[in-house]
Structure formats: structure tokens, C-alpha cells
Amino acid sequence: MATLDRVNAKDFDRAGDPDADTDGTAADAVGTGTTDAAARPPHARDHLDLRADPVELTAALIDIPSVSRDEARIADAVEAALRDVAATIPEGMPAVTVERIGDNVVARTHRGLPQRAILAGHLDTVPIADNVPSTRGVDAEGRDTIFGCGAVDMKSGDACYLHAFATLAGSPALKRDLTLIMYACEEIAGEFNGLGHLADSHPHLLEGDVALLGEPSGNVIEAGCQGSIRVKVTAHGTRAHSARAWLGDNAAHRLTGVLSRVAAYSAGTARIDGLTYREGMQVVHIQSGVATNTVPDEAWAYVNYRFAPHRDTDEAIAHLMGVLAIDDPLVDVEIEDVSPGAAPGLDRAAAAELVAIAGGVAKPKYGWTDVSRFAALGIPAVNFGPGDPAYCHKRDEQIPVDMITELSDDLLRYLTTAPADDGRNATAPAAS
Ligand SMILES: [Zn+2]
């Protein structure tokens, strides 16, 4: 889970992978990888049993190192395991397609079911800290626990999603078509993000009625996310010796009006789809000063506004500017970063049913995550993964096995429960 403090709307505009192109509808599995099969080293034969207990699968995934930008090995293993699943779909059932695009792997069912659920997870981890291979022991509370790099962020979530896909792709119990996306480079700068690349180059692969990201959410639904704007406010003045201050014009003093308005601002909350989102506006950086005996001629501050997703970015910018209320010609403001929020979308049936099955508890997501990429495509998206996000990126990263089992059970129940009639069931074609 990358908590992006500095995200830029430009991240949505990157170029796709020019090597990758498929029609996405072929019944046969399609390979578009950049890896030359003949040149693959022996490690490419890592074997993953996706139908095994997701607890065992979590450990197996941790044991394949996959630090960001070094993910070919795990992508090879996941691709091979999904092709094995595709090869065992019962006769007469529509084929499962598997596509490899860079180090991203996408597998889909094509049953003609009334809804399509997207199950997405990143395969990369932060750098290993003497915590691979995995170990199993007890945590501070005495619970049976897996330790290792990626245990909670997010190979346990990947394991639950891979297991659900492998178990249901050929099963008549499946009640929603599935798109499984295992993607690269989530933990580093947004320009490398595999989900972003897919959204640009193969947007049809991201089509669906609801998207689940297996990032750790404490086994409850985290929906939507805040938007973020960062502005730089700069005050200009005139430099002078502080002994003859009347000859100068102190830029730092000129900034204090804006600073005090932000400090006095009382951030609101917004209630959306039953969730309460808190907002915040903070001065996050201030700088000024020439020397200790000098009236400074420039002072600047960064202000960060985190807004609830009931506002679009234009409205949020207008609100921020209203609070800053700059009317001094020697103070200017520059917008440096804008990231839209994501509405939770829990008013949509596919998402509401998931909340009901996961115990009826949903909470707002703070920070900015990849759910925004789906929200930008109009798809309600939630984080739903096992484990405590407080352990993300830690040397003692860990996941109690019961949380894996519980999430896996909830996920299977959701995917095998027929959607409530959303108006399309009556006309949904039979699987053919
Ligand atoms: Zn993560």
C-alpha cells in the first residue's frame, strides 16, 4: 500500500505499454509478455497451487521475492498458474482468458453473468529487510501468524483473490463474472504503476461493475478516498537591514494573514453513502529568511487540502481559494498538485451487496489509493483485504492466518451469491 502524499493528476496521462495489444475476447489464452520464454531462468518454474489453502499460498507468494521493478519472476509464476486454471475449465463452459502485459497479468471469465467483479492486487513489495522467505509463528497476541515481506501488503490479499479466481473460474457456483488483475509497481512512483498502464493501454480490461483491491483493510470494506490539493503561497517584499527595518517590507509578515486564516479554518465532514469523510486543511511547509539581521524579501508556504469526495476538483480548488482569501498583490498562489477523490459508490448494488456479505461494516478510506483509478472510470471501488495496515512496509510485517481465512470465506460467499436484480438480470444472456 503506497500512501501517496504527493500525487499528481498527470499520473493518469502516462503512455501505455506499446508492446502490448490483444483483442481481449479471444477464447484462447493470449500471451503478450516481454519475457522471452526460451531465455527464462530456471526460477520461472516456481510452482503456485492457486487452489491450495490461501494461507499456504500467502507463504508461497512471499517466498518469491518481488521488489518493485523486479517482478518478472512472480509474474511468470502467477501467469503459469492461471494458464493451468484456464486449461482445466470444464468442457462446454466459456474459456478463461489470460493475458500478460509487461509484468501485469489479467485473467477473465466470460460466462455472460449479470455483473462483473474486478479483483485487483499488486505483486510488488518494498525492499526486503531480512524477512524473506516467510516464517510462521505466533504474534504478540498468541495468534498463528505468517511473517515476511509482503505478508500484509499485499500477498495475503493476492492469495485470497488468486484462490477465489482459481476455485470459481470453472465452477457453476460462480454468480458474477471475474476479472483478476495482478499488477506491477504499486509501491513506487505513480508513473510506473501497472494498473495505471493498463487503464491507459487496455481500458477494456478494467471494465466491470465493482472493483475490489486486496490492500489490507482490517477485513472490512474501505470505500472511496479523499482528494488532495497542494498549493504554494508566496509573499514578496523588500530586503533591508533589520536595524533600518523601515526601509524594507517583510515578506514573512505579509504571509501571516494567509497562515492565520488556514490555522483558524475549521474543517468539515461530509456524509456520503452512509460514510463520514473528514476533511483537513494544513500548512505543511513554511520557509523564509535571508540572515538573522535582515528583513526577508520572500516567504512561502505549502498548504495541503484533503477534501471529501462529494467535491470535484474544481469545487475543491474554489473552496480552498475562498479560505486563503488572498487580496494582496504581493502575495501569489500556485496550484502544484491536484488529485481527485473517489466517491464510495456504495449506493450501487454490486458494492452494497459486498458490504452486506462482509459483515455490514464499511469505513471511509483516507489517503489516496488505486481505488481512484477505478473511480475515474466510473466503477465503484473498495479496499478489501486481510490484515492490519499498520504492519505495511515493516521489518516484522505479519498477518494472522485467521484473517486470511476469514477474508477468503467472505470473498467466496460474495462471488457465489447471486446479485439482487439490478434490472439487467432479466435480459442477461445464458452462459454460452
Ligand atoms: Zn499495497
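**Helices, sheets and a shared core**

Q: Which elements are among those that cover the buried residues of α9?
A: This is a predicted model, with local features taken only at pLDDT of at least 70, side-chain atom pairs only at 80 or more, and totals for chains, interfaces and linings from all residues. Residues are numbered from 1 along each chain as its sequence is written. Buried means 20 or more other C-beta atoms within 10 Å of a residue's own (12 or fewer: exposed; in between: partly exposed; C-beta atoms placed from the backbone). The cover of α9 includes α1 (54–62), β4 (116–122), β6 (144–147), α3, α7 (349–357) and β20 (398–400).

Q: How far does helix α9 reach from its first C-alpha to its last?
A: α9 runs over residues 401–415, which makes 15 residues. Its buried members include Val 401, Leu 407 and Leu 411. The expected span is 1.5 Å times one less than the number of residues. Expected and modelled values are close for α9, whose reach is 21 Å.

Q: Why does the length of α2 agree with expectation?
A: Helix α2 covers residues 72–87, 16 in total. At 1.5 Å a residue, these should span 22 Å. The lengths agree because the end C-alpha atoms of α2 are apart by 22 Å.

Q: What do the buried residues of α2 pack against?
A: Ile 74, Val 78, Leu 82 and Val 85 are among the buried residues of α2. Contact means C-beta atoms within 7 Å. Three strands and one helix receive α2's buried residues: β2 (97–101), β3 (104–108), β7 (177–183) and α3.

Q: Which helix gives the most to the largest nonpolar core?
A: A nonpolar core joins buried Ala, Val, Leu, Ile, Met, Phe, Trp, Tyr and Cys through C-beta atoms within 7 Å. The largest has 111 residues, and Val 78, Leu 119, Phe 165 and Leu 212 have the most contacts inside it. The top helix spans residues 151–168 and gives 11 residues: it is α3.

Q: Why does this core lie between two domains?
A: One contributor is domain 1, made of 12–224 and 342–431. Another is domain 2, at 232–339. The core lies between them because residues come from both domain 1 and domain 2.

Q: What is the strand order in the open sheet of 4 strands?
A: Strands pair when DSSP finds at least two bridges between them. Pairing in this sheet is antiparallel. β14 (280–288) and β17 (331–339) each have a single partner, so one side of each lacks a neighbour in the sheet. The order is β14-β16-β10-β17.

Q: Which residue in β17 stands opposite Val 233?
A: β10 holds residues 227–236. This strand runs antiparallel to β17, and 8 bridges join the two. Opposite Val 233 stands Val 333.

Q: At about what angle does helix α6 run to β10?
A: Two helices meet this sheet. Helix α5 (residues 251–264) packs on it, making about 15° with β16 (298–307). Helix α6 (residues 313–324) lies across β10, β14, β16 and β17, and its angle to β10 is about 35°.

Q: What is the average twist in the sheet of 3 strands?
A: This open sheet has the order β5-β6-β20, with antiparallel pairing. Its edge strands are β5 (135–138) and β20, each paired on one side only. From one strand to the next, the twist averages 30°.

Key
Domains from an automatic or database assignment. Axes fitted to C-alpha atoms, helices over the stretch in contact; angles between N-to-C directions.
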